[in-house]
Amino acid sequence: MKLLTRSVALVALLLPALLLAQPGYFQRSTLPEHTGNGVGFKLPTETADGSILSVLDTDTTLYLVKFDTNGDAQWARTYPAGTNDPEWRIIRISATSDGGAIMIQDAWIWDDQPWQTYFHVVLTRIDRQGDILWSKYYSMNTGGFSIGPVDARLNTEPGDLHTVLLHMTTTQNTTVLRVNDSGDLLWSRKLAMAPSQAVIQLVQDPSLGACVLMRSTYISGSPIAVMRLDMNGNYLWGR
């Protein structure tokens, strides 16, 4: 973590030049002035070109910063979440083979129709310079009618196939979806075995399928459950 533990002064040298000219993006002269809960670097991700992407959370704005192999900041960007929410978010980051990345920018549940709720998620693909290649919104029926917080996970498989897991943390509603590197939805599947109040992890599968690990936090000492899907999202087994 040497790159991310260097002084934030390195970033302070870069951010004013990029952001002070853009009203509302950065209103203070130095990063150390920013104080508040959660301030700092988050979600460090190594890219295919050996650089590091990291979210920089200040108390006013959320940035994505790219560092080279020497720890020098190359660029800093902000990205709209693509929803009506005024907050700009980056929930998960996954590196792609071209040195860029894909991000989950927002994930939520809403009752689009009476007694039917839907998962909603915004995915944004960027190149190695931080330019947006595409940003797309997806909606999938949860199979339930409850509204609550969403735990979102993201993996990039070989061939730049991107797998997203969405789990409503207060119910058993869980969906896995996959998109290609152009953002086209390849498949989505509702999972039946995810417990409520669970810790869920999405694991890269060597067969290009999806492997989901989950453990209930409601019952102390509960075992870890595993589910496997094939590369087309078909259920293989769960135990």
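Begin by selecting D98, which at 30% relative accessibility counts as partly exposed, a class lying between buried (under 20% relative accessible area) and exposed (over 50%), with a 1.4 Å probe and protein chains only. This is a predicted model, in which local features need pLDDT of at least 70 and side-chain atom pairs count only at pLDDT 80 or more, while totals for chains, interfaces and linings use all residues. Residues are numbered from 1 along each chain as its sequence is written, and side-chain values use heavy atoms, with hydrogens and water left out.

Next, add R125, whose salt bridge with D98 (a side-chain nitrogen of Lys or Arg within 4 Å of a carboxyl oxygen of Asp or Glu) has its closest N and O atoms 3.0 Å apart. R125 sits in strand β7 and D98 in the loop between β5 (92-95) and β6, so that this pair links parts of the chain 27 residues apart; strands (E, at least two residues) are DSSP runs, numbered from the N terminus. In contrast to its partner, R125 counts as buried, because its relative accessibility is 1%.

Now select D184 and K136, a salt bridge with closest N and O atoms 3.7 Å apart. D184 belongs to the loop between β11 and β12, and K136 to strand β8, 48 residues away in sequence. Both count as partly exposed, D184 at 38% relative accessibility and K136 at 28%.

A further stop is the salt bridge between the side chains of R228 and D205, at 2.7 Å from N to O. Since R228 lies in strand β15 (residues 225-229) and D205 in the loop between β13 (198-204) and β14 (210-216), the pair ties together parts 23 residues apart in sequence. D205 is buried, with a relative accessible area of 4%.

Turn then to the open sheet, where 4 strands run in the order β9-β10-β11-β12 with antiparallel pairing, two strands being paired if DSSP finds at least two bridges between them. β9 (150-157) and β12 (185-191) stand at the edges with a single partner strand each, so one side of each is left without a neighbour in the sheet. Strand β11 (residues 174-179) pairs with β12 over 6 bridges, and T174 stands opposite L191 in β12.

Finally, select I104, V121, L123 and L166, the residues with the most contacts (heavy atoms within 4.5 Å) inside the largest nonpolar core, which has 17 residues. Such a core is a set of buried Ala, Val, Leu, Ile, Met, Phe, Trp, Tyr and Cys residues joined through side-chain atoms within 4.5 Å. Its largest share, 4 residues, comes from β6.
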